[in-house]
Amino acid sequence: VFDRGYVVRDEMGEPLRMIGAMMDITERKRVQEELIRQNLRSQLFADITLKIRTSLQIDEILQTSVTEVQKLLNADRVLILRVFTDGSIKAVKEAVVPGLPVVLGQNIEDPCFSEGYIEKYSRGRISAITDIEQADIQICHVELLQRFSVKSNLVVPILMHNQLWGLLIAHQCHRPRQWNEWETELLQQLADQIGIAATHAKLLEQETRQREELTRSNEELQQFAFIASHDLQEPLRKIIAFGDRLKATCDSALTDKGRDYLQRMQNAAQRMQVLIEDLLTLSRIT
């Protein structure tokens, strides 16, 4: 409520009465708070997008995501679970308030997380549970959440090439929590950005591996060319040398056909020597 008032005084300055007005500014405050949240969300997306474009360091991007979202949502825990093709789950990044169990680095054994759940999350399923004890979920899943003191959670899938890469999860541990629309949208949009980052990181890893393989292949080619050219040049030098001696000492004893054969042999040896030298030149090209 916005309240304004002032005192009406007489000619002597004595107060006569008070005039004021009160205004309900609930809607104005709600809009202001929504604008603040929108600005924080925009700043978070800008930071993550910048990291994707500049660093492509997936670990840094994931850690920034969970840390900033945990602050923005004022959640007790925000974590990213990596879901593997065999159905196993592992916590890879986490931001959690002190005093709560740590999930990071643990292999999560959830017997309820079957292929059916993987298929649903692969289609974009979002799970928002206000109170796990009142929700319609399997008891084995409730026990897993209680192991980490979870009272309420919001789960959004992270997709890569339409395949389930992981889960972005917010936990409330001290009390149940009703997740609103903008919080769900925040996690969903952030999960999309993480999926893009994971795709870029995978492409970068493949490119790095291919570059290393190409470097190794080029080094082997250079070694092969050097060894092969050295081994091939030695007999060629002997062919040319003994051909020259034969021509110098026995030219008068050779028939015209013999001289022709000798010349062809010399020409072929010289052409082969040029080819070997070209192979050496090719091997030195970076």
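**Exercise 1. List the residues that Asn 153 touches beyond its sequence neighbours, and place Asn 153 in the fold.**

Step 1. Contact means heavy atoms within 4.5 Å. Not counting residues up to four places away in sequence, Asn 153 touches Ser 127, Ala 128, Ile 129, Leu 145, Ile 169, Ala 170, His 171 and Trp 179.

Step 2. Asn 153 sits in strand 7, residues 152–160. Helices (H or I, at least four residues) and strands (E, at least two) are DSSP runs, numbered from the N terminus.

Step 3. Asn 153 has a relative accessible area of 3%, so it is buried. The classes are buried under 20% relative accessible area, exposed over 50%, and partly exposed in between (1.4 Å probe, protein chains only).

A note on the source: this is a predicted model, where local features need pLDDT of at least 70, side-chain atom pairs count only at pLDDT 80 or more, and totals for chains, interfaces and linings use all residues. Residues are numbered from 1 along each chain as its sequence is written, and side-chain values use heavy atoms, with hydrogens and water left out.

**Exercise 2. Determine whether Gln 172 is buried or exposed, and find its side-chain partner.**

Step 1. Gln 172 belongs to strand 8, residues 163–172.

Step 2. Its relative accessibility is 1%, so Gln 172 counts as buried.

Step 3. The Gln 172 side chain makes a polar contact with the side chain of Arg 177, at 2.8 Å. A polar contact is a pair of N or O atoms within 3.5 Å; within protein, one must be able to donate a hydrogen and the other to accept it, and residues adjacent in sequence count only if both atoms are side-chain atoms.

Step 4. Leaving aside neighbours within four places in sequence, Gln 172 is in contact with residues including Asn 74, Asp 76, Val 150 and Trp 179.

**Exercise 3. Locate Ile 132 and list its contacts.**

Step 1. Ile 132 lies in the loop between strand 6 (127–129) and helix 4 (139–147).

Step 2. Ile 132 is buried, because its relative accessible area is 2%.

Step 3. Not counting residues up to four places away, Ile 132 touches Ile 137, Val 142, Leu 145, Gln 146, Val 150, Lys 151 and Ser 152.

**Exercise 4. Compare two loop residues with positive phi, Ser 149 and His 161.**

Step 1. Phi of Ser 149 is near 65°. Ser 149 is in the loop between helix 4 and strand 7. At 26% relative accessible area, Ser 149 is partly exposed.

Step 2. Phi of His 161 is near 55°. His 161 is in the loop between strand 7 and strand 8. At 58% relative accessibility, His 161 counts as exposed.

**Exercise 5. Describe how helix 2 packs on helix 5.**

Step 1. Helix 2 (residues 58–73) and helix 5 (residues 181–250) pack at about 175°, with axes 10 Å apart. Axes are lines fitted to C-alpha atoms, for helices over the stretch in contact, and angles run from 0 to 180 degrees between N-to-C directions.

Step 2. That makes helix 2 roughly antiparallel to helix 5, a label for angles over 145 degrees.

Step 3. Among the residues that meet are Ile 61, Leu 62 and Val 69 in helix 2, and Trp 182, Leu 186 and Ile 194 in helix 5.

**Exercise 6. Characterise the whole chain.**

Step 1. The chain has 6 helices and 8 strands.

Step 2. Its C-alpha trace spans about 145 × 65 × 35 Å along the principal axes.

Step 3. Of the 286 residues, 32% count as buried.

Definitions and conventions. Parallel < 35°, antiparallel > 145°, perpendicular 65-115°, else oblique.
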